[in-house]
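This briefing concerns the structure shown below, which is a predicted model. The points that follow are grouped by topic.

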Amino acid sequence: MLPAPVQIFACQNRTCRRDGSSTVLAELQSELARCGLSARVELQATGCLSQCGNGPMLLVVQTATGQQIWYDRVRPEEIPLVVRRHLIEGKPVTDMLYRAKHPKRSFPEWSPLPPPWHTSP
Ligand code: FES
């Protein structure tokens, strides 16, 4: 079986949990399912990503290239935007990038996930 083209690591360790990471994870699971992407995005609840105090923290990895995009202080209501703009359109959400990892708010080339996917509510 081929690996999923995208992996998302959602920290569920103590500090991120205190800041609401379990709700972010649940929202991510349901949004990926709603968009038909569950089989193509490997979502992992992880331990500490060593960025405590900046969570909820998400790390999105493009499997083929190893490119990494970090998002900090993610709110559940931002998840649909991340899924649509980053995963489907291939444009990471600049305003949400974690400045410690993306100091110029820039990001590497990112390949959008090809259809099929669903974006209607
Ligand atoms: S607890 Fe989430 S980065 Fe450390």
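Strands S3 (residues 58-62) and S4 (residues 68-71) run antiparallel and are joined by four bridges. One of the residues of S3, Leu58, has Tyr71 of S4 as its bridge partner. Leu58 and Tyr71 are also among the residues with the most contacts inside the largest nonpolar core.

**Hairpin and sheet**

- Five residues lie between the strands in the hairpin of S3 and S4, where Gly66 takes a positive phi near 75 degrees.
- The model contains an open sheet of four strands in the order S2-S1-S3-S4, and its pairing is mixed.
- S2 and S4 are the edge strands of this sheet, each pairing on one side only.
- On average, neighbouring strands of the sheet are turned by 15 degrees against each other, with direction ignored.
- Helix H2 packs on the sheet and touches S1 and S2; the direction of H2 makes about 155 degrees with that of S1.
- In general, the strands of a sheet pair through backbone hydrogen bonds, in either a parallel or an antiparallel manner.

**Nonpolar core**

- The largest nonpolar core has 25 residues, and those with the most contacts inside it are Ile8, Ala10, Leu28, Leu58 and Tyr71.
- Two or more residues of this core come from each of strand S1 (6-11), helix H2 (21-34), S3, S4 and helix H3 (79-88).
- When residues up to four places away in sequence are not counted, Leu28 touches Ile8, Ala10, Leu43 and Ile79.

**Helix H2**

- With 14 residues at 1.5 Å a residue, H2 should span 20 Å, and this agrees with its end C-alpha atoms, which are 20 Å apart.
- The buried residues of H2 are Ser21, Val24, Leu25, Glu27, Leu28, Glu31 and Leu32.
- These buried residues lie on the same side of H2, because they cover an arc of only 165 degrees around the axis.
- The cover over the buried residues of H2 includes S1, helix H1 (14-18), strand S2 (41-46) and H3.
- Gly36, just after H2, takes a positive phi of about 75 degrees.

Key:
Residues are numbered from 1 along each chain as its sequence is written. This is a predicted model: local features need pLDDT of at least 70, side-chain atom pairs count only at pLDDT 80 or more; totals for chains, interfaces and linings use all residues. Two strands pair if DSSP finds at least two bridges between them. A nonpolar core is a set of buried Ala, Val, Leu, Ile, Met, Phe, Trp, Tyr and Cys residues joined through C-beta atoms within 7 Å. A residue is buried if 20 or more other C-beta atoms lie within 10 Å of its own, exposed if 12 or fewer, and partly exposed in between; C-beta atoms are placed from the backbone. Two residues are in contact if their C-beta atoms, placed from the backbone, lie within 7 Å. The expected span of a helix is 1.5 Å times one less than its number of residues. The arc is that of the directions from the helix axis to the C-beta atoms. Axes are lines fitted to C-alpha atoms, for helices over the stretch in contact, and angles run from 0 to 180 degrees between N-to-C directions.
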